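User: I am new to this structure. Please pick out a single part and take me through it closely. What does it touch, and what lies beside it?

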Amino acid sequence: MKGLYCKPGDQEDVKFVLQETSLPTNIGNHQVKVQVKSCALSPVDFKMYEDLKLEKEHVPVGREIAGVVLQVGPKVMFFQPDDEVVGILPLDAEQSGLCSVVLIDEFNLVPKPEKVSWFEAAAVIKDGLRAYTALHTLARMAAGQTVLVLDGASPFGVLAIQLAHYHGVKVLATALSPEDQKFLQELRPNVGVQESLLARVIRLWDAKEDLVDSCLEETGGLGVDIIVDSGVRLYDEEPEAQTKQPHKHDLLTLLSVGGHWVTTEQHLQLDPPDSHILFLKAASLSFLNDEVWTVSRAKQGRYLHILKDVMNKLCMGTFRPQMEHPVPLYEATVSMEMVQRKQVRKRIVVKL
């Protein structure tokens, strides 16, 4: 069988190739053999593999999968053949999620509700986990608070908005383009409901609209309780590609007293004056790295609980992914190259 792999290198010059691979002949005690029905294509973080000493000649691509159980190991407790499941392959997995069959530990899988499609399951599982990690685990979100979601039109941003709104939180979001603005303004809690999910959409693409002023105006000058970013500018002079990202000083300014900033910027540097602002506001900062759930088994039960709740909310309609149509398997290589170069946000491969 074939899987999609890439060779680590320059982020702009990564090549993805379909190559032959095979499964081990023996199945582990707690392993499950899954026939893959759908797989999400998300950017590969080569630095994460390097930091965790998981460098490989060819890195498997496509870790968010949904499929049908074919065989279970002798000590598997939670699944049996023909069960429909969804899960995330760990970073040290040998198989690509685009392989026709994969072996995965049973503790990395949860049942897929019958009403949920293969496309939706693979599209939501990881971004839903990220949204839960950011808003519940790190920010301790509570009803009545105000949250700012940067790049709200991204797959992760949409689920974060929907999760926050479900829990009674006032949501502000930024749009990076006129198309994103129109998309966000049309988001609704349910089909046929006129009420918008968002209290305000802030146009980062429009030089006439200021992020800090907009947030302070919307909160009566108090600032937002939670910020979930999608990257920040660390310096005044940044490459053109990052000009639509807010400066770290802007986020510190619009953060409320006792607020919480959840960042995806792994190289964020806070100077002493920046730390002093956080101190004066009794505010806090957390780094969002959802890979810790599979790298460490310390909170395995909570991890599975989150994945199950993500699927339940998808089944109930709380989570409604707003994504393009699935791509066929023969377009996976080209699609993954576009995803890695950030020409498109995410793609889902569905196997017929």
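Analyst: What follows is a close look at α2 and its surroundings.

This is a predicted model: local features need pLDDT of at least 70, side-chain atom pairs count only at pLDDT 80 or more, and totals for chains, interfaces and linings use all residues. Residues are numbered from 1 along each chain as its sequence is written, and side-chain values use heavy atoms, without hydrogens and water.

Start with the helix itself. α2 covers residues 118–138. Helices here are DSSP runs of H or I with at least four residues, numbered from the N terminus.

Its packing partner is α9, residues 300–316. The angle between α2 and α9 is about 120°, and their axes lie 9 Å apart. Axes are lines fitted to C-alpha atoms over the stretch in contact, and angles run from 0 to 180 degrees between N-to-C directions. So α2 is oblique to α9. Oblique is what remains after under 35 degrees (roughly parallel), over 145 (roughly antiparallel) and 65 to 115 (roughly perpendicular). The crossing of α2 with α9 is right-handed, meaning that the near helix is turned clockwise from the far one by less than a right angle.

Now the contact, counted as heavy atoms within 4.5 Å. α2 brings E120, A121, V124, I125, G128, L129, Y132 and T137. Facing them in α9 are R302, Y303, I306, L307, D309, V310, M311, K313 and L314. By class, that makes eleven nonpolar, two polar and four charged residues. Nonpolar covers Ala, Val, Leu, Ile, Met, Phe, Trp, Tyr, Cys and Pro; charged covers Asp, Glu, Lys and Arg; the others, Gly among them, are polar.

α2 also borders a cavity. A cavity is a set of points on a 1 Å grid where a 1.4 Å probe fits but cannot get out, and lining residues have an atom within 4 Å of a point. Two cavities of 30 Å³ or more are counted. The second largest has a volume of about 30 Å³, taken as the space filled by probe spheres set on the points. Its lining is A123, V124, P155, V158, L159, P321, Q322 and M323. Two elements give two or more residues to this lining: α2 and α3 (155–166). α3 gives the most, with three residues. Seven of the lining residues are nonpolar, one is polar and none is charged.

V124 ties the two views together. V124 lines the second largest cavity, and V124 is also among the α2 residues that meet α9.

Key:
On a 1 Å grid over the protein atoms alone, a cavity is a set of points where a 1.4 Å probe fits but cannot get out, and a pocket is an open set with protein on both sides within 12 Å along at least five of seven lines; lining residues have an atom within 4 Å of a point.
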